[in-house]
Amino acid sequence: MFIKKIGIDLGTNNVRVYVPKKGTVINEPSVVAISKNDGKILAVGLEAKDMLGRTPDSISAEHPLKEGVIANYKTTEAMLRYFINKALGGVHLFRPEVMVAVPSGITSTERRAVIDATIAAGARAAYLIKAPLVAAIGADIPIGAASGHMVIDIGGGTAEIAVISLGGIVAWGSVRIGGNRFDLAIAEYIRRKYNLAVGVHTAEEIKKTVGSAMFISKPLTVDIKGQDMVSGLPRIVTVTSDDVTEALQHELDLLMKAVKDVLHDTPPELSADVMDKGIILTGGSALLRNLAELVVQTTGVPTYVAEDPLFCAAKGTGIALENIDSYKRSILATR
Ligand SMILES: Nc1ncnc2c1ncn2[C@@H]1O[C@H](COP(=O)(O)OP(=O)(O)OP(=O)(O)O)[C@@H](O)[C@H]1O
Ligand SMILES: [Mg+2]
């Protein structure tokens, strides 16, 4: 089967590539390994991540996107090219059409950069679409309908909050809050409370195993290993879900404020729709325990986590590309 269409969710932490009728064919970290000596790109994605662990001196890790925006055009282009070629596999006769999901707050210069990178990476045509729109499409929300839906897409680097109606975004907000900031906050909290140094990877594991956005009546616990800040020796401590909730308080407050701001900016008829239809959570950080409950408590609006929240945006790009006529209004830029 020749692949003619490719949807790409270009995230801060992960890139996912979706091919209509095949599904998600690539799910890899958005990392590029670069030689420190000559700036050459050595590897991309999983391969780059593996390489980094093994040869620490002469190779540096680049994250082409930071907090949802493109930090480095050259590495973004290299990454897109690598993933497009990988998705196509081997020799390919056709250049595909590619739809890329980008942050809502993308500037026109950045738009050009992504379009150019996609074309340079081998696409016949490139389309850009805002991430919350495709996240909603991937979550099976009928975005073309004349009624308001709210989606909160929260990944590693950003949280994008949008009210969608008639295929467009009516009110939105974006904050640089996501899983990466959560991990840092958890590591910092453990350092202060337990005098224990832990890395962000351990912090992420803690978040996934016991983390909760709200205090729970029977707190979960996990034993973690870190380095004692005084003796420098390894030590094990038991961390609870309440620790995580407390550690995330500030970030979650900012996130909830952003959600309330968007609701406030929403025209009254559409707010009534949102109240009716509820709020949907997508993106990896939607998996944080009790995040939906926190949104309910803050807004009074019923809130749900989408099915497979990590893959909604990628799936949405594929669906939008397959049905480009129905989603024309939602396309941000094209070439
Ligand atoms: N079970 C879980 N509980 C809490 N957080 C989780 C869970 N699983 C994954 N995450 C977090 O989800 C984040 C990655 O999500 P995702 O892949 O959607 O981000 P991204 O699309 O790359 O980033 P962005 O959309 O911000 O550019 C990571 O911070 C990860 O720790
Ligand atoms: Mg994302």
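What share of the 335 residues of the protein chain count as buried? In this predicted model, the figure is 48%, where a residue is buried if 20 or more other C-beta atoms, placed from the backbone, lie within 10 Å of its own. Residues are numbered from 1 along each chain as its sequence is written, while chains are lettered from A and ligands numbered from 1 in the order in which they are written. Because the model is predicted, local features need pLDDT of at least 70 and side-chain atom pairs count only at pLDDT 80 or more, whereas totals for chains, interfaces and linings use all residues.

The overall dimensions come next. A compact globule of 335 residues would have a radius of gyration near 20 Å, and the 21 Å of the protein chain agrees with this; the radius is taken over C-alpha atoms, and the globule rule is 2.2 Å times the number of residues to the power 0.38. The C-alpha trace spans about 60 × 55 × 35 Å along its principal axes. The chain has 11 helices and 19 strands, which are DSSP runs (helices H or I, at least four residues; strands E, at least two) numbered from the N terminus.

The domain assignment gives domain 1 (5–134 + 313–334) and domain 2 (144–306), with bounds from an automatic or database assignment. The contact between them takes 19 residues from domain 1 and 17 residues from domain 2, two residues being in contact if their C-beta atoms, placed from the backbone, lie within 7 Å. On the side of domain 1 that touches domain 2, strand E7 (65–66), helix H4 (131–138) and helix H11 (324–327) each give two or more residues, and H4 gives the most, with three residues.

Ligand 1 lies between the two domains, because both give residues to the shell around it. Of the 22 residues in that shell, Gly 11, Thr 12, Gly 155, Gly 179 and Gly 284 come nearest; a residue is near if its C-beta atom, placed from the backbone, lies within 6 Å of the molecule. Helix H5 (179–194) and helix H6 (200–210) are the elements that give two or more residues to this shell, the largest share, three residues, coming from H6.

Within domain 2, helix H9 (residues 291–299) has Leu 291, Ala 292, Leu 294 and Val 295 buried. They cover an arc of only 160° around the axis, so they are on the same side of H9; the arc is that of the directions from the helix axis to the C-beta atoms. Their cover includes helix H7 (241–265), strand E17 (279–282) and strand E18 (303–305). Just after H9, Gly 300 takes a positive phi of about 80°.

Methods:
Buried ≥ 20, exposed ≤ 12 C-beta atoms within 10 Å, placed from the backbone.
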